[in-house]
Amino acid sequence: RCFQEMLEEEEEHEWFIPARDLPQTMDQIQDQFNDLVISDSSSLEDLVVKSNLNPNAKEFVPGVKYLNI
């Protein structure tokens, strides 16, 4: 029953398949780069001013757990 539920769950989600989802040619990669939008500096400054991130937060280090003491 457990395995059947896992199989049904897998069928419900669209999984990332590198052979299918990654671009295969340089032309496809170039097309993806061409679709990127580079914003101007004024909108970037607005984003920084409106940010609610904590500038005093500890730097995230993958694999390291921080304890709240």
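**Close-ups of a predicted four-helix chain**

**View 1. Five glutamates make up a negative surface patch.** Glu8, Glu9, Glu10, Glu11 and Glu12 come together here as a patch of negative charge on the surface. The model is predicted, so keep that in mind for every panel. Zoom in on Glu9, one of the patch members: Glu9 sits in helix H1, which covers residues 2–12. Its relative accessible area is 47%, so Glu9 falls in the partly exposed class. That value also clears the bar for patch membership, because a residue needs over 30% relative accessible area to join a patch.

**View 2. Glu5 and Arg1 pair up in a salt bridge.** Here the closest N and O atoms of Glu5 and Arg1 are 3.3 Å apart. How many salt bridges does a search of the whole structure find? Just one. The two partners don't share an exposure class: Arg1 counts as exposed at 80% relative accessibility, whereas Glu5, at 42%, is partly exposed.

**View 3. The whole chain, pulled back for context.** What pattern does the chain follow along the sequence? Reading along, you get α-α-α-α, with four helices and zero strands in the tally. Of the 69 residues, 0% count as buried. The chain exposes about 7,600 Å², and carbon and sulfur atoms supply 57% of that area.

Methods:
Residues numbered from 1 in each chain as written. Predicted model: local features only at pLDDT ≥ 70, side-chain atom pairs only at ≥ 80, totals over all residues. Heavy atoms only, no water. Helix = DSSP H or I, 4+ residues; strand = E, 2+ residues; numbered from the N terminus. Buried < 20%, exposed > 50% of the residue type's maximum accessible area, 1.4 Å probe, protein only. Areas by Shrake-Rupley, 256 points an atom, 1.4 Å probe, with all protein chains shown as cover. Salt bridge = Lys/Arg side-chain N within 4 Å of Asp/Glu carboxyl O. Patch = residues over 30% accessible without salt bridge, like charges linked within 9 Å, V, L, I, M, F, W, Y side chains within 5 Å. Lys, Arg positive; Asp, Glu negative; His and termini not counted. Charge placed at Lys NZ, Arg CZ, Asp CG, Glu CD.
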